[in-house]
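Student: I would like a close look at one part of this model, the ligand site. Please take me through the site and then out into the strands and helices of the fold.

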Amino acid sequence: MSASPPSPTATAVDAHAVKPILPGGVIGVMGDGQLGRMLGLAARRMGYGFVVFGPEADSPASHVADHQIIADYADRDALTRFARSVDVITLEFENVPAQAAMHCATITPVRPGPDVLHLKQDRLREKNWLLQRDLPVPEFRAVSSIDDLRAAARQLGTPLMLKRASWGYDGKGQVRITDPSELNEAWEQIQAPAIAEVLVPFACEISVLVARGLNGNIAIYEPVWNRHRNQILDLSLMPAPVDAAVKTQAVAVAQQVIEALGMVGLLCVEFFVTAEGQVLINELAPRVHNSGHLTIEACVTSQFEQQLRAVCGLPLGHTTLIQPAAMANLLGDVWHWDADGSASSPAARPALPAPPNWAAALTSAAVKLHLYGKAEPRRGRKMGHLTALASDAQVAADLVQAARQAL
Ligand code: AMP
(Lines give C-alpha, C1' and ligand atoms only; values in the text may rest on other atoms or scores of the structure.)
Protein backbone atom coordinates (compact mmCIF):
# COMPACT_ATOMS: atom_id res chain seq x y z
CA MET A 1 0.00 0.00 0.00
CA SER A 2 1.25 3.48 -0.76
CA ALA A 3 1.25 6.34 1.74
CA SER A 4 -1.99 7.80 3.10
CA PRO A 5 -3.18 11.01 1.54
CA PRO A 6 -2.38 14.14 3.51
CA SER A 7 -5.07 15.82 5.60
CA PRO A 8 -7.10 18.34 3.63
CA THR A 9 -6.15 21.95 4.00
CA ALA A 10 -7.79 25.12 2.84
CA THR A 11 -4.94 25.61 0.40
CA ALA A 12 -5.33 22.21 -1.28
CA VAL A 13 -5.13 22.79 -5.02
CA ASP A 14 -6.49 20.56 -7.72
CA ALA A 15 -3.32 19.49 -9.50
CA HIS A 16 -5.11 19.08 -12.82
CA ALA A 17 -5.94 21.77 -15.32
CA VAL A 18 -8.79 24.10 -14.37
CA LYS A 19 -10.29 24.06 -17.88
CA PRO A 20 -14.02 23.35 -17.59
CA ILE A 21 -15.30 19.99 -18.76
CA LEU A 22 -18.18 20.85 -21.04
CA PRO A 23 -21.18 18.77 -22.15
CA GLY A 24 -19.92 16.09 -24.49
CA GLY A 25 -17.24 15.25 -21.92
CA VAL A 26 -17.43 12.09 -19.85
CA ILE A 27 -18.04 11.94 -16.11
CA GLY A 28 -16.97 8.91 -14.12
CA VAL A 29 -18.52 7.97 -10.80
CA MET A 30 -17.08 5.62 -8.21
CA GLY A 31 -19.96 3.80 -6.56
CA ASP A 32 -22.97 2.26 -8.24
CA GLY A 33 -25.96 2.95 -5.98
CA GLN A 34 -28.95 5.30 -6.20
CA LEU A 35 -26.88 8.44 -5.71
CA GLY A 36 -24.82 7.47 -8.74
CA ARG A 37 -28.03 6.78 -10.64
CA MET A 38 -29.42 10.27 -9.93
CA LEU A 39 -26.04 11.83 -10.77
CA GLY A 40 -26.15 9.88 -14.03
CA LEU A 41 -29.65 11.13 -14.87
CA ALA A 42 -28.48 14.73 -14.31
CA ALA A 43 -25.35 14.08 -16.41
CA ARG A 44 -27.37 12.64 -19.29
CA ARG A 45 -29.82 15.53 -19.23
CA MET A 46 -26.89 17.93 -19.58
CA GLY A 47 -25.36 15.95 -22.44
CA TYR A 48 -22.44 14.35 -20.63
CA GLY A 49 -21.31 10.77 -21.06
CA PHE A 50 -21.42 8.74 -17.85
CA VAL A 51 -19.28 5.79 -16.74
CA VAL A 52 -19.78 3.90 -13.48
CA PHE A 53 -17.16 2.00 -11.50
CA GLY A 54 -18.47 -0.42 -8.90
CA PRO A 55 -18.54 -4.04 -7.83
CA GLU A 56 -22.17 -4.91 -8.61
CA ALA A 57 -23.72 -5.98 -11.93
CA ASP A 58 -27.23 -4.64 -12.66
CA SER A 59 -26.70 -1.84 -10.13
CA PRO A 60 -28.94 1.26 -9.86
CA ALA A 61 -26.30 3.53 -11.45
CA SER A 62 -25.46 1.07 -14.23
CA HIS A 63 -29.00 1.39 -15.67
CA VAL A 64 -28.39 5.01 -16.66
CA ALA A 65 -24.69 4.72 -17.55
CA ASP A 66 -23.13 4.54 -21.00
CA HIS A 67 -20.78 1.99 -19.60
CA GLN A 68 -20.07 0.24 -16.31
CA ILE A 69 -16.76 -1.22 -15.17
CA ILE A 70 -17.67 -4.01 -12.77
CA ALA A 71 -14.65 -4.58 -10.59
CA ASP A 72 -13.34 -4.50 -7.08
CA TYR A 73 -11.92 -1.21 -5.78
CA ALA A 74 -8.56 -2.97 -5.33
CA ASP A 75 -8.33 -3.87 -9.05
CA ARG A 76 -5.65 -1.46 -10.30
CA ASP A 77 -6.00 -2.42 -13.97
CA ALA A 78 -9.75 -1.82 -13.90
CA LEU A 79 -9.23 1.50 -12.09
CA THR A 80 -6.71 2.55 -14.74
CA ARG A 81 -9.13 1.65 -17.55
CA PHE A 82 -11.87 3.59 -15.78
CA ALA A 83 -9.75 6.70 -15.15
CA ARG A 84 -8.55 6.72 -18.78
CA SER A 85 -12.10 6.52 -20.11
CA VAL A 86 -13.42 9.67 -18.37
CA ASP A 87 -12.59 13.40 -18.07
CA VAL A 88 -13.32 13.73 -14.35
CA ILE A 89 -14.16 11.34 -11.54
CA THR A 90 -16.52 11.94 -8.67
CA LEU A 91 -17.87 9.77 -5.87
CA GLU A 92 -21.30 8.75 -4.72
CA PHE A 93 -20.13 6.81 -1.71
CA GLU A 94 -17.48 7.82 0.83
CA ASN A 95 -16.34 4.30 1.61
CA VAL A 96 -14.58 3.98 -1.75
CA PRO A 97 -11.05 3.08 -0.56
CA ALA A 98 -8.95 6.27 -0.57
CA GLN A 99 -6.13 4.28 -2.22
CA ALA A 100 -8.39 3.56 -5.22
CA ALA A 101 -9.22 7.26 -5.54
CA MET A 102 -5.51 8.13 -5.21
CA HIS A 103 -4.64 5.72 -8.00
CA CYS A 104 -7.27 7.26 -10.30
CA ALA A 105 -6.10 10.77 -9.37
CA THR A 106 -2.71 10.04 -10.96
CA ILE A 107 -4.55 9.77 -14.30
CA THR A 108 -7.70 11.94 -14.11
CA PRO A 109 -8.97 14.64 -11.73
CA VAL A 110 -10.86 13.14 -8.78
CA ARG A 111 -13.21 15.63 -7.13
CA PRO A 112 -13.55 15.77 -4.17
CA GLY A 113 -9.98 14.59 -3.70
CA PRO A 114 -8.74 11.44 -1.94
CA ASP A 115 -7.64 13.60 1.02
CA VAL A 116 -11.28 14.39 1.81
CA LEU A 117 -12.22 10.70 1.51
CA HIS A 118 -9.39 9.72 3.80
CA LEU A 119 -10.57 12.21 6.42
CA LYS A 120 -14.17 11.05 6.16
CA GLN A 121 -13.39 7.35 6.40
CA ASP A 122 -12.58 7.48 10.08
CA ARG A 123 -15.04 9.05 12.52
CA LEU A 124 -12.27 9.82 14.98
CA ARG A 125 -10.16 11.56 12.35
CA GLU A 126 -13.24 13.51 11.21
CA LYS A 127 -14.27 14.54 14.76
CA ASN A 128 -10.72 15.57 15.70
CA TRP A 129 -10.39 17.58 12.50
CA LEU A 130 -13.63 19.44 13.33
CA LEU A 131 -12.62 19.95 16.96
CA GLN A 132 -9.21 21.35 15.98
CA ARG A 133 -11.02 23.97 13.92
CA ASP A 134 -13.36 24.92 16.77
CA LEU A 135 -16.34 23.57 14.87
CA PRO A 136 -19.19 22.42 17.14
CA VAL A 137 -19.40 18.65 17.75
CA PRO A 138 -20.96 16.58 20.56
CA GLU A 139 -18.47 15.64 23.28
CA PHE A 140 -16.70 12.38 22.46
CA ARG A 141 -13.77 10.17 23.47
CA ALA A 142 -11.61 7.82 21.41
CA VAL A 143 -12.15 4.21 22.47
CA SER A 144 -10.07 1.18 21.56
CA SER A 145 -10.65 -1.11 24.54
CA ILE A 146 -13.23 -1.85 27.20
CA ASP A 147 -11.10 0.14 29.66
CA ASP A 148 -11.26 3.18 27.36
CA LEU A 149 -15.02 2.75 27.13
CA ARG A 150 -15.37 2.57 30.92
CA ALA A 151 -13.24 5.72 31.27
CA ALA A 152 -15.34 7.49 28.62
CA ALA A 153 -18.55 6.54 30.47
CA ARG A 154 -17.10 7.90 33.73
CA GLN A 155 -16.15 11.19 32.07
CA LEU A 156 -19.16 11.71 29.81
CA GLY A 157 -21.82 9.82 31.76
CA THR A 158 -24.60 7.87 30.05
CA PRO A 159 -26.50 7.67 27.74
CA LEU A 160 -23.78 7.31 25.10
CA MET A 161 -23.48 6.26 21.48
CA LEU A 162 -20.59 3.91 20.73
CA LYS A 163 -19.72 4.16 17.01
CA ARG A 164 -17.14 2.23 15.05
CA ALA A 165 -14.56 4.63 13.68
CA SER A 166 -14.66 3.17 10.18
CA TRP A 167 -17.19 1.78 7.70
CA GLY A 168 -20.37 3.05 9.28
CA TYR A 169 -23.42 4.67 7.72
CA ASP A 170 -27.17 4.80 8.40
CA GLY A 171 -26.58 3.82 12.00
CA LYS A 172 -24.55 0.71 11.10
CA GLY A 173 -21.75 -0.13 13.55
CA GLN A 174 -23.40 1.87 16.33
CA VAL A 175 -24.63 0.83 19.75
CA ARG A 176 -26.66 2.94 22.14
CA ILE A 177 -25.62 2.61 25.77
CA THR A 178 -28.26 3.79 28.20
CA ASP A 179 -26.76 2.48 31.42
CA PRO A 180 -23.18 1.67 32.63
CA SER A 181 -24.26 -1.98 33.05
CA GLU A 182 -24.39 -2.23 29.22
CA LEU A 183 -20.74 -1.30 28.61
CA ASN A 184 -19.37 -4.85 28.29
CA GLU A 185 -22.10 -5.95 25.92
CA ALA A 186 -21.71 -2.80 23.80
CA TRP A 187 -17.96 -3.34 23.51
CA GLU A 188 -18.53 -7.00 22.55
CA GLN A 189 -20.57 -5.77 19.58
CA ILE A 190 -18.06 -3.19 18.35
CA GLN A 191 -14.58 -4.62 19.21
CA ALA A 192 -12.79 -2.10 16.98
CA PRO A 193 -11.44 1.45 17.16
CA ALA A 194 -14.47 3.57 17.95
CA ILE A 195 -15.74 6.80 19.44
CA ALA A 196 -17.98 7.11 22.47
CA GLU A 197 -20.17 10.16 22.04
CA VAL A 198 -22.80 11.73 24.29
CA LEU A 199 -26.33 10.96 23.17
CA VAL A 200 -27.55 14.41 22.19
CA PRO A 201 -31.11 15.11 23.41
CA PHE A 202 -31.73 17.01 20.21
CA ALA A 203 -34.86 19.04 19.47
CA CYS A 204 -34.48 18.18 15.79
CA GLU A 205 -31.97 17.27 13.08
CA ILE A 206 -31.18 19.42 10.07
CA SER A 207 -28.69 19.25 7.22
CA VAL A 208 -27.08 21.84 5.00
CA LEU A 209 -26.02 21.11 1.43
CA VAL A 210 -23.18 23.30 0.27
CA ALA A 211 -21.20 23.19 -2.95
CA ARG A 212 -17.78 24.61 -3.77
CA GLY A 213 -16.63 25.11 -7.33
CA LEU A 214 -13.15 24.83 -8.82
CA ASN A 215 -12.72 28.60 -8.53
CA GLY A 216 -13.62 28.51 -4.82
CA ASN A 217 -17.13 29.91 -5.28
CA ILE A 218 -19.68 28.59 -2.82
CA ALA A 219 -23.42 27.92 -3.17
CA ILE A 220 -25.55 26.98 -0.16
CA TYR A 221 -29.05 25.54 -0.02
CA GLU A 222 -31.77 26.28 2.52
CA PRO A 223 -31.31 23.96 5.52
CA VAL A 224 -33.34 20.74 5.40
CA TRP A 225 -35.21 19.36 8.42
CA ASN A 226 -34.78 15.60 8.80
CA ARG A 227 -36.50 12.87 10.77
CA HIS A 228 -34.82 9.47 11.13
CA ARG A 229 -36.42 6.16 11.94
CA ASN A 230 -34.13 3.37 13.20
CA GLN A 231 -31.22 5.71 12.39
CA ILE A 232 -32.21 5.79 8.69
CA LEU A 233 -33.57 8.98 7.12
CA ASP A 234 -37.36 8.81 6.90
CA LEU A 235 -38.65 12.30 6.08
CA SER A 236 -37.11 15.61 4.94
CA LEU A 237 -38.64 19.09 4.72
CA MET A 238 -37.38 22.20 2.98
CA PRO A 239 -37.45 24.90 4.26
CA ALA A 240 -36.67 23.56 7.72
CA PRO A 241 -39.24 24.67 10.30
CA VAL A 242 -36.60 26.07 12.68
CA ASP A 243 -35.68 29.56 13.90
CA ALA A 244 -33.85 31.87 11.54
CA ALA A 245 -30.98 32.07 14.08
CA VAL A 246 -30.51 28.29 13.91
CA LYS A 247 -30.42 28.39 10.11
CA THR A 248 -27.90 31.23 10.14
CA GLN A 249 -25.62 29.29 12.49
CA ALA A 250 -25.90 26.05 10.49
CA VAL A 251 -25.24 27.76 7.17
CA ALA A 252 -22.19 29.58 8.60
CA VAL A 253 -20.76 26.34 10.01
CA ALA A 254 -21.35 24.47 6.72
CA GLN A 255 -19.54 27.21 4.82
CA GLN A 256 -16.64 27.12 7.29
CA VAL A 257 -16.38 23.34 6.88
CA ILE A 258 -16.27 23.32 3.08
CA GLU A 259 -13.77 26.18 3.02
CA ALA A 260 -11.54 24.44 5.55
CA LEU A 261 -11.74 21.23 3.51
CA GLY A 262 -10.96 23.16 0.34
CA MET A 263 -12.98 20.50 -1.45
CA VAL A 264 -14.58 20.73 -4.87
CA GLY A 265 -18.05 19.24 -5.10
CA LEU A 266 -21.11 18.94 -2.92
CA LEU A 267 -20.94 18.44 0.83
CA CYS A 268 -23.76 17.65 3.24
CA VAL A 269 -23.27 18.69 6.86
CA GLU A 270 -25.66 16.91 9.23
CA PHE A 271 -26.54 18.69 12.46
CA PHE A 272 -28.28 18.08 15.75
CA VAL A 273 -30.20 21.15 16.96
CA THR A 274 -30.43 21.37 20.75
CA ALA A 275 -33.40 22.73 22.70
CA GLU A 276 -31.32 25.88 23.30
CA GLY A 277 -30.96 26.41 19.55
CA GLN A 278 -27.30 25.36 19.34
CA VAL A 279 -26.15 23.35 16.30
CA LEU A 280 -23.74 20.43 16.69
CA ILE A 281 -22.24 18.61 13.70
CA ASN A 282 -23.22 14.93 13.62
CA GLU A 283 -21.29 14.08 10.48
CA LEU A 284 -20.06 15.18 7.08
CA ALA A 285 -20.94 13.53 3.78
CA PRO A 286 -18.68 14.81 0.98
CA ARG A 287 -21.20 13.84 -1.70
CA VAL A 288 -24.82 14.20 -2.71
CA HIS A 289 -27.06 13.17 0.17
CA ASN A 290 -30.42 11.54 0.82
CA SER A 291 -31.68 14.72 2.52
CA GLY A 292 -31.04 16.61 -0.75
CA HIS A 293 -33.22 14.44 -2.99
CA LEU A 294 -36.05 16.95 -2.79
CA THR A 295 -33.84 19.53 -4.53
CA ILE A 296 -34.60 17.68 -7.81
CA GLU A 297 -38.09 19.16 -7.84
CA ALA A 298 -37.82 21.95 -5.25
CA CYS A 299 -34.75 23.98 -6.27
CA VAL A 300 -33.55 25.78 -9.36
CA THR A 301 -30.48 23.52 -9.39
CA SER A 302 -30.70 20.01 -7.96
CA GLN A 303 -27.91 18.75 -5.72
CA PHE A 304 -26.99 16.31 -8.50
CA GLU A 305 -26.58 18.98 -11.17
CA GLN A 306 -24.70 21.11 -8.64
CA GLN A 307 -22.22 18.32 -7.94
CA LEU A 308 -21.63 17.91 -11.68
CA ARG A 309 -21.24 21.66 -12.21
CA ALA A 310 -18.71 21.82 -9.37
CA VAL A 311 -16.58 18.88 -10.48
CA CYS A 312 -16.70 19.93 -14.14
CA GLY A 313 -15.44 23.42 -13.28
CA LEU A 314 -18.66 25.12 -14.41
CA PRO A 315 -20.25 28.05 -12.57
CA LEU A 316 -22.48 26.80 -9.74
CA GLY A 317 -26.25 27.00 -10.28
CA HIS A 318 -28.77 28.94 -8.21
CA THR A 319 -29.89 27.07 -5.09
CA THR A 320 -33.15 29.03 -4.81
CA LEU A 321 -36.10 27.11 -3.41
CA ILE A 322 -38.93 27.22 -5.96
CA GLN A 323 -41.60 25.89 -3.62
CA PRO A 324 -41.64 24.25 -0.15
CA ALA A 325 -41.15 20.50 -0.41
CA ALA A 326 -41.02 17.23 1.47
CA MET A 327 -39.45 13.86 0.74
CA ALA A 328 -40.34 10.48 2.24
CA ASN A 329 -37.98 7.55 1.80
CA LEU A 330 -39.31 4.23 0.54
CA LEU A 331 -37.50 1.36 2.21
CA GLY A 332 -38.00 -2.29 1.33
CA ASP A 333 -40.34 -2.37 4.34
CA VAL A 334 -43.15 -0.87 2.21
CA TRP A 335 -43.30 -4.05 0.10
CA HIS A 336 -46.03 -6.46 1.23
CA TRP A 337 -44.04 -8.97 3.22
CA ASP A 338 -47.05 -10.80 4.55
CA ALA A 339 -48.59 -11.33 1.10
CA ASP A 340 -47.68 -14.50 -0.76
CA GLY A 341 -45.65 -13.33 -3.73
CA SER A 342 -44.58 -16.84 -4.63
CA ALA A 343 -47.38 -17.45 -7.12
CA SER A 344 -45.77 -15.12 -9.64
CA SER A 345 -42.22 -16.36 -9.00
CA PRO A 346 -40.69 -19.40 -10.68
CA ALA A 347 -40.36 -22.21 -8.18
CA ALA A 348 -36.56 -22.16 -8.31
CA ARG A 349 -36.35 -18.53 -7.12
CA PRO A 350 -37.14 -17.46 -3.56
CA ALA A 351 -40.52 -15.75 -3.29
CA LEU A 352 -40.40 -11.94 -3.36
CA PRO A 353 -42.91 -9.92 -1.35
CA ALA A 354 -45.75 -8.37 -3.35
CA PRO A 355 -44.91 -4.90 -4.67
CA PRO A 356 -46.41 -1.76 -3.17
CA ASN A 357 -49.59 -0.34 -4.67
CA TRP A 358 -47.90 2.29 -6.83
CA ALA A 359 -51.18 3.37 -8.44
CA ALA A 360 -52.66 4.30 -5.05
CA ALA A 361 -49.62 6.39 -4.14
CA LEU A 362 -49.78 8.23 -7.44
CA THR A 363 -53.40 9.31 -7.13
CA SER A 364 -52.08 12.53 -5.55
CA ALA A 365 -51.15 14.71 -8.51
CA ALA A 366 -48.54 16.50 -6.38
CA VAL A 367 -46.51 13.40 -5.54
CA LYS A 368 -43.47 12.38 -7.58
CA LEU A 369 -42.20 8.82 -7.44
CA HIS A 370 -38.49 7.95 -7.71
CA LEU A 371 -37.48 4.28 -7.82
CA TYR A 372 -33.88 3.17 -7.87
CA GLY A 373 -34.19 0.02 -10.00
CA LYS A 374 -33.19 -2.40 -7.23
CA ALA A 375 -34.56 -5.83 -8.09
CA GLU A 376 -34.62 -7.18 -4.56
CA PRO A 377 -36.49 -5.39 -1.80
CA ARG A 378 -35.09 -5.88 1.69
CA ARG A 379 -36.24 -4.43 4.98
CA GLY A 380 -34.20 -1.29 5.70
CA ARG A 381 -32.97 -1.09 2.07
CA LYS A 382 -33.49 2.26 0.33
CA MET A 383 -35.61 1.42 -2.73
CA GLY A 384 -36.91 4.85 -3.72
CA HIS A 385 -38.49 8.03 -2.45
CA LEU A 386 -41.53 10.28 -2.87
CA THR A 387 -41.37 14.07 -3.20
CA ALA A 388 -44.16 16.63 -3.13
CA LEU A 389 -44.19 20.41 -3.48
CA ALA A 390 -46.87 22.49 -1.75
CA SER A 391 -47.60 25.94 -0.38
CA ASP A 392 -46.02 24.86 2.90
CA ALA A 393 -43.45 22.16 3.78
CA GLN A 394 -45.78 20.57 6.34
CA VAL A 395 -48.54 20.28 3.72
CA ALA A 396 -46.00 18.64 1.40
CA ALA A 397 -45.00 16.29 4.25
CA ASP A 398 -48.64 15.30 4.73
CA LEU A 399 -48.92 14.55 1.00
CA VAL A 400 -45.86 12.28 0.81
CA GLN A 401 -46.74 10.49 4.02
CA ALA A 402 -50.32 9.89 2.89
CA ALA A 403 -49.01 8.57 -0.45
CA ARG A 404 -46.58 6.27 1.35
CA GLN A 405 -49.35 5.06 3.61
CA ALA A 406 -51.46 4.22 0.54
CA LEU A 407 -48.76 1.89 -0.80
P1 AMP B 1 -25.11 8.54 11.90
O2 AMP B 1 -24.97 7.26 11.13
O3 AMP B 1 -23.98 8.82 12.82
O4 AMP B 1 -25.48 9.70 11.03
O5 AMP B 1 -26.38 8.33 12.83
C6 AMP B 1 -27.68 8.12 12.30
C7 AMP B 1 -28.71 8.73 13.22
O8 AMP B 1 -28.59 8.19 14.55
C9 AMP B 1 -28.57 10.23 13.43
O10 AMP B 1 -29.10 10.96 12.37
C11 AMP B 1 -29.34 10.40 14.73
O12 AMP B 1 -30.73 10.35 14.52
C13 AMP B 1 -28.89 9.17 15.53
N14 AMP B 1 -27.67 9.52 16.30
C15 AMP B 1 -26.39 9.25 15.97
N16 AMP B 1 -25.53 9.75 16.88
C17 AMP B 1 -26.27 10.36 17.82
C18 AMP B 1 -25.95 11.08 19.03
N19 AMP B 1 -24.70 11.25 19.46
N20 AMP B 1 -26.99 11.59 19.73
C21 AMP B 1 -28.28 11.41 19.33
N22 AMP B 1 -28.62 10.74 18.22
C23 AMP B 1 -27.65 10.21 17.46
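Tutor: Here is the site, followed by the two sheets and some backbone details. Keep in mind that the model is predicted.

Start with the shell. The ligand is surrounded by 18 residues. The closest are Lys163, Glu197, Val200, Glu205 and Glu283. By class, the shell holds 6 nonpolar, 5 polar and 7 charged residues.

Now the polar contacts. The side chain of Glu205 places an N or O atom 2.6 Å from an oxygen atom of the ligand. For Glu283, a polar side-chain atom sits 2.7 Å from a ligand oxygen. His228 also takes part: one of its polar side-chain atoms is 3.3 Å from an oxygen atom of the ligand. How much of the ligand does the protein bury? The ligand alone exposes 480 Å², and the protein buries 94% of that.

Which elements give two or more residues to the shell? They are β6 (160-164), β8 (194-198), β13 (265-273) and β14 (279-285). Two of these names, β6 and β8, return in the next part.

Take the sheet that contains β6 and β8. It is open and has 4 strands, in the order β5-β8-β6-β7. The pairing is antiparallel. At the edges stand β5 (140-143) and β7 (174-177), and each of them pairs on one side only. From one strand to the next, the twist averages 20 degrees. Look at one pair in detail. Strands β6 and β7 are antiparallel to each other and share 4 bridges. Within this pair, Leu160 stands opposite Ile177 of β7.

Two helices lie across this sheet. Helix α5 (residues 123-132) crosses β5, β6, β7 and β8, and runs at about 145 degrees to β5. Helix α6 (residues 146-156) lies across β5, β6, β7 and β8 as well, with an angle of about 170 degrees to β5.

Turn to the other sheet. Here 4 strands form an open sheet with parallel pairing, in the order β3-β2-β1-β4. The edge strands β3 (67-70) and β4 (88-91) each have a single partner strand, so one side of each is left without a neighbour in the sheet. Neighbouring strands are turned by 25 degrees against each other on average, direction ignored. Strands β1 (residues 26-30) and β2 (residues 49-54) run parallel and are joined by 5 bridges. One residue match can be named: Val26 has Gly49 in β2 as its bridge partner. Helix α1 (residues 34-45) packs on this sheet and touches β1, β2 and β4. The direction of α1 makes about 165 degrees with that of β2.

Finish with the backbone. Arg111 and Pro112 are joined by a cis peptide bond, with omega about -5 degrees. Pro112 belongs to the loop between α3 (98-105) and α4 (114-120). Another cis bond links Met238 and Pro239, with omega about 5 degrees. Pro239 is placed in the loop between β12 (232-238) and α8 (244-261). Gln191 is not a glycine, yet has a positive phi of about 45 degrees. Where is Gln191? In the loop between α7 (183-190) and β8. That brings us back to the ligand, since β8 is one of the elements that give two or more residues to its shell.

Key: Residues are numbered from 1 along each chain as its sequence is written. This is a predicted model: local features need pLDDT of at least 70, side-chain atom pairs count only at pLDDT 80 or more; totals for chains, interfaces and linings use all residues. Side-chain values use heavy atoms; hydrogens and water are left out. A residue is near a molecule or strand if one of its heavy atoms lies within 4 Å of it. A polar contact is a pair of N or O atoms within 3.5 Å; within protein, one must be able to donate a hydrogen and the other to accept it, and residues adjacent in sequence count only if both atoms are side-chain atoms. Accessible areas come from the Shrake-Rupley method with a 1.4 Å probe; for residues, only the protein chains shown count as cover. Ala, Val, Leu, Ile, Met, Phe, Trp, Tyr, Cys and Pro count as nonpolar, Asp, Glu, Lys and Arg as charged, and the others, Gly among them, as polar. Two strands pair if DSSP finds at least two bridges between them. Axes are lines fitted to C-alpha atoms, for helices over the stretch in contact, and angles run from 0 to 180 degrees between N-to-C directions. Contact means heavy atoms within 4.5 Å.
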